Every structure is written in C-alpha cells, then in structure tokens.
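Biologist: I would like to learn how to read a fold like this one, beginning with how strands sit beside one another and ending with what packs in the interior. Could we take the features in turn, with the general idea before the particular case?

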Amino acid sequence: MDNRFGDVENFLMVAGEGSFAAAAKMLRLTPSAVSRSIARLEQRLGVALVRRTTRSLALTREGQVYHDKMIAILGDMMDVENSLSSEGQGPRGLLRINASPSFGIECLIPILPRFTERYPAVTVDLTLTDAIVDLVEERADVAIRIGPLRDTRLRAKKLGHSRMVLVASPDYLARRGTPRTPDDLAGHDCLRFSFRRSVDSWPFRVRGRQVQRPVQGRFFGNSGEVVRRMAIAGGGIARHGRFHVASDLREGRLVEVLAEFDAGDGEDIHALYAAEDRSAARVRAFLDFLEGALVVEG
C-alpha cells in the first residue's frame, strides 16, 4: 500500500495548523518530510493545494475544495467507526462549550444538569465570554453565537430567534418618567455597549416606516449581563434580546417600554461546530439535546 492516506493526513494537519513546522511538530515528523508529503500529494492530484510564501501558508482554491471533501469523507468514516465501536457505550469524553454570559446564564445552565444526568460519561467544560473566540484555536466543540454568522469554516445549527426589546426598571421609570415616543429617549439615560460593533442609535417603527433614533447615556458595559444588571439597578433604559430579560419581565424586575414602536428586529441563535466534530458522539448528543430541551423566548 502506498503513502496516500499518510499524505492526506499530513495535508489536513498542515491546513489545520497553518504551517509546515507546526504540523510537523504535531505529527512528530520533520518539516521537510511534511513538505515532501504535500508535494507528493500535489503531484498525484495534478494541482497545487498549498500557496507558500516566506511568511505565511494558505490553501489554494483547489486545496480548500480538497480539504472540505476529505473532512466530509473522514467524518463519514468516523460515523461508521463510532457507531460500531461505541454501540452500547453512549457518548463520552470532554465536551467544550462556548457561549455568551447572557445566553449561558439564562438558557444553557438551567438545562445542562439534565444533559449531564442523561450522559454521565460526558464531562462538560463551559466557557462564558462575550469575546468572539476562534473555535479551532480554543479547541471548543460547540459555540453558541447570537447574530450574524461570520466563520464560514464552521457548520451551523439554528436554535431559535429572539426579538429585541427595550426595558427599564420600575424604579427608574418612577423617577424619570416613561417615554411615550422614541423621541422621548433624548431625555433619558440609555445603557449602551462598549463593543466595537455597537452603534449609537436604536431602530423603531414609526407610522409604518423603520427609523433610527440616536441614543445617549452615561454608562457603557462590555457585556449583555453587565448592561442588564445596570438596568435592574435603575441605571437607565437598555435594549436586549428578549431571551436575556424574559425572567426579569415575568418577575417585574424590568418592564418593556415603547413596545408599540417595536421595529420587529431580532437575532438568530446558532450552535456552531466544526464539520469533523459532528461525528463525535458527545457533540451529536449535545446538538440533539439542545433541539429538544432549549427554549428561547422570542
């Protein structure tokens, strides 16, 4: 048997690590041996798979196609092997999950005990952060993302949709008054985010047209949870996904304002995972669990 499978493994490692040196370290080979392996694979296929420069390495268009196809094939192979070797054992191992603090606290943590009880051989490592981490670099199995998807390397499973709402505490409204129109926000403290992607205006629907109204305030927060807690403390009016403040609205800690001017916008919520990770029993089990157990209030 020739080295074709070893060459494919080396190519996938180079693509994943981004350099011959890093791939060679992982494979316990020399960089020159890895380079010869990739050259051999390119010669056999008759196309260039890797674009080499003195400082960086990138896949060619043909290399990306080959990479994606081989990942899919290996995923199918792992599915078959897992179904045979793990039959009767169930999912097991370490499951790394990444999510925002708001989604993790309000939606994930309440249901995770049911998952760990159902799959006692799975250990869950949950990281909550509003930073957009690289799933591959962080070695996370599943990441929950809210809003537009940007990483095309990953597969996405839609979990739900949550509309945006304006909320404030009863104490704040008693002190400052309840805004009756979007223009009234000019006289209120609006709680904003310090994210680079945040904007200083909020959308509304006025007389059938969607408009933007500038907002201002004396507080910025670096996470949805920080802004939510500031709103509960009476610091101002905040704009959140409904899933984040649903329990606060039910229990009276916050009340919705300007609902009649709701722009109808919202954010999709997805679970992201690498294509090759979908074959892992623990990842499949978690994705299926989310589909049945997760309730996102929209």
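Modeller: Two strands are said to pair if DSSP finds at least two bridges between them, and with that in hand we can say that asparagine 98 stands opposite alanine 143 in strand 5. Please keep in mind throughout that this is a predicted model.

Biologist: Which way do strand 3 and strand 5 run relative to each other, parallel or antiparallel?

Modeller: Strand 3 and strand 5 run parallel and are joined by two bridges, whereas strand 5 and strand 13 pair in the antiparallel sense, over four bridges. Alanine 143 belongs to this second pairing too, for it stands opposite leucine 272 in strand 13.

Biologist: How many residues of strand 5 are buried?

Modeller: In a regular strand the side chains alternate between the two faces of the sheet. As for strand 5 itself, four of its five residues are buried, so that the strand is mostly covered, buried being taken as under 20% relative accessible area.

Biologist: What share of the residues in the protein chain is buried?

Modeller: Buried residues make up 42% of the 298 residues in the protein chain, which has ten helices and 13 strands. The accessible surface comes to about 16400 Å², and 50% of that surface belongs to carbon and sulfur atoms.

Biologist: Which residues have the most contacts inside the largest nonpolar core?

Modeller: A nonpolar core is a set of buried residues of certain kinds joined through side-chain atoms within 4.5 Å. The largest one here has 28 residues, and those with the most contacts inside it are Phe103, Leu108, Phe115, Ile144, Phe286 and Leu290. Among the elements that give two or more residues to this core are strand 3 (93-99), strand 5 (142-146), strand 13 (266-274) and helix 10 (281-293), with helix 10 giving the most, at seven residues. Apart from this core lies another, of 18 residues, among them Val14, Ala24, Val34 and Leu41.

Biologist: What is phenylalanine 115 in contact with, leaving aside its neighbours within four places in sequence?

Modeller: With those neighbours left aside, phenylalanine 115 is in contact with Leu95, Val122, Val124, Arg282, Ala285, Phe286 and Phe289. Phenylalanine 115 is buried, with a relative accessible area of 0%, and phenylalanine 286 is likewise buried, with a relative accessible area of 0%.

Biologist: How many aromatic pairs does a search of the whole structure find?

Modeller: The search finds five aromatic pairs. In one of them, phenylalanine 115 and phenylalanine 286 lie 5.3 Å apart centre to centre with 80° between the planes, and the pair counts as edge-to-face because the angle is over 60 degrees. This pair links distant parts of the chain, since phenylalanine 115 is in helix 6 and phenylalanine 286 is in helix 10, 171 residues apart. Ring pairs also link Phe115, Tyr119, Phe286 and Phe289 into a cluster.

Biologist: What percentage of contacts between residues at least 6 apart in sequence join residues at least 24 apart?

Modeller: In the protein chain, 72% of such contacts join residues at least 24 apart.

Biologist: And a residue without a side chain to discuss: where is glycine 63 found, and what does it touch?

Modeller: Glycine 63 is found in helix 4 (residues 61-85) and is buried, with a relative accessible area of 0%. Not counting residues up to four places away in sequence, glycine 63 touches Phe11, Ala48 and Leu49, while the C-alpha atoms of glycine 63 and valine 50, 13 residues apart along the chain, are separated by 6.3 Å.

How values were computed: Residues numbered from 1 in each chain as written. Predicted model: local features only at pLDDT ≥ 70, side-chain atom pairs only at ≥ 80, totals over all residues. Heavy atoms only, no water. Buried < 20%, exposed > 50% of the residue type's maximum accessible area, 1.4 Å probe, protein only. Contact = heavy atoms within 4.5 Å. Areas by Shrake-Rupley, 256 points an atom, 1.4 Å probe, with all protein chains shown as cover. Phe/Tyr/Trp six-rings, centres within 6.5 Å; stacked < 30°, edge-to-face > 60°.
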